[in-house]
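Let's take a friendly walk through this model, starting at the surface and moving on to the ring pairs and charged pairs. Keep the structure open beside you as you read.

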Amino acid sequence: MLKQTPDLKPSGAEGASKPTLRALFESEETALLRYAFSLTGRRAVAEEIVQDVFLQLHARWEDVENPSAWLYRSVRNRAFSYLRHLKRESLHTDDGKPPSAYGETGYGDTPDESPEEMLLRMEAVAALRQSMQELDPTDRQLVKLKYFENLSYSDISAQTGLSIGNVGYRLHHILKKLAGKLRPLGIDGKS
């Protein structure tokens with residue numbers, strides 16, 4: 001992503017614990033890309049944001065005391081800017097029609113939703129996806145059949161071989177488990 005540059009070492013005693021830019025890039029790039037993607041929902045945009053932020057850090061290296069925190073804050077700010085720009089574009093469509101029910105971004109945004117609200121919702125979706133991945137495969141299949149394919153308990157029972165009562169019981173406990181994981185993150189039924 002970045003051009004080959006020599007390791008940049010900070011000068012002075014205060015920067016003794018500061019890593020080199022190359023070491024920071026190698027240790028943080030993947031996590032920053034994931035973070036940017038979780039905020040924007042677009043891989044190409046996430047890559048561009050992370051690359052731009054590293055280039056900005058390179059230009060400001062001597063002035064930044066905590067580069068890792070600076071990187072995450074900058075990625076978040078750039079993602080907010082991107083979402084605000086995207087929101088303005090979606091409100092001004094060329095065909096004169098209002099944005100679709102799922103929004104121009106595909107995330108279900110509504111014309112009255114602020115970029116901050118959109119970002120919070122997208123973070124909640126990312127947290128839910130992560131929690132879903134942590135479920136065992138059978139539980140994950142039950143949730144997908146019920147809430148993504150809108151199947152009835154009897155249809156789910158026919159597909160999985162579980163009794164209708166067992167399907168209902170398991171789904172109830174799966175939802176309680178997911179809610180328990182999401183609540184500490186500030187995500188409740190209203191989010």
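## A nonpolar patch and its surroundings

Tyr147, Phe148 and Leu175 come together as a nonpolar patch on the surface, and their joint accessible area is about 310 Å². Patches are built from residues with over 30% relative accessible area and no salt bridge, with like charges joined within 9 Å and nonpolar side chains (Val, Leu, Ile, Met, Phe, Trp, Tyr) within 5 Å. Accessible areas come from the Shrake-Rupley method with a 1.4 Å probe, and for residues only the protein chains shown count as cover. One member of the patch, Leu175, sits in helix 7 (residues 164-182). Leu175 is partly exposed, at a relative accessible area of 36%. Here buried means under 20% relative accessible area, exposed means over 50%, and partly exposed lies in between (1.4 Å probe, protein chains only).

A word on the ground rules: this is a predicted model, where local features need pLDDT of at least 70, side-chain atom pairs count only at pLDDT 80 or more, and totals for chains, interfaces and linings use all residues. Residues are numbered from 1 along each chain as its sequence is written, and side-chain values use heavy atoms, with hydrogens and water left out.

## The chain as a whole

The chain has seven helices and zero strands, and its pattern along the sequence reads α-α-α-α-α-α-α. Helices (H or I, at least four residues) and strands (E, at least two) are DSSP runs, numbered from the N terminus. The chain counts 191 residues, 33% of them buried. Its exposed surface amounts to about 12,000 Å², with carbon and sulfur atoms supplying 52%.

How do the contacts spread along the sequence? Of those between residues at least 6 apart, 56% join residues at least 24 apart; a contact means heavy atoms within 4.5 Å. For one pair of residues distant in sequence, look at Ala126 and Ser38: they are 88 residues apart in sequence, yet their C-alpha atoms are 6.2 Å apart in space. Ala126 belongs to helix 4 (residues 115-133) and is partly exposed, with a relative accessible area of 27%.

## Aromatic pairs

A pair of aromatic rings is described by the distance of the centres and the angle of the planes. Rings of Phe, Tyr and Trp (its six-membered ring) pair if their centres lie within 6.5 Å; planes under 30 degrees apart are called stacked, over 60 edge-to-face, and the rest tilted.

How many aromatic pairs does this rule give? The count is two. The rings of Phe25 and Phe54 have centres 4.9 Å apart and planes at 75 degrees, so this pair is edge-to-face. It links distant parts of the chain, with Phe25 in helix 1 (residues 21-40) and Phe54 in helix 2 (residues 43-60), 29 residues apart. Phe25 is buried, at a relative accessible area of 17%, and Phe54 is also buried, at 1%.

Tyr35 and Tyr72 make a tilted pair, 5.7 Å from centre to centre with 50 degrees between the planes. Tyr35 is in helix 1 and Tyr72 in helix 3 (residues 67-91), 37 residues apart. Tyr35 is partly exposed at 22% relative accessibility, and Tyr72 is partly exposed at 26%.

## Salt bridges

Side chains of opposite charge can pair when their charged atoms come close. A salt bridge is a side-chain nitrogen of Lys or Arg within 4 Å of a carboxyl oxygen of Asp or Glu. The whole structure holds four salt bridges, including those in this table.

| Salt bridge | N to O distance |
|---|---|
| Glu47 and Arg43 | 3.1 Å |
| Lys181 and Glu134 | 3.1 Å |
| Arg170 and Asp139 | 2.7 Å |

Glu47 and Arg43 share helix 2, where they are four residues apart, about one turn of the helix. Glu47 is partly exposed, with a relative accessible area of 30%, whereas Arg43 is exposed at 62%.

Why does the bridge between Lys181 and Glu134 tie together parts of the chain that are 47 residues apart in sequence? Lys181 lies in helix 7, while Glu134 is in the loop between helix 4 and helix 5 (137-148). Lys181 is partly exposed at 29%, and Glu134 is partly exposed at 45%.

Arg170 lies in helix 7 and Asp139 in helix 5, so their bridge ties together parts that are 31 residues apart in sequence. Arg170 is partly exposed, with a relative accessible area of 24%, whereas Asp139 is buried at 10%.
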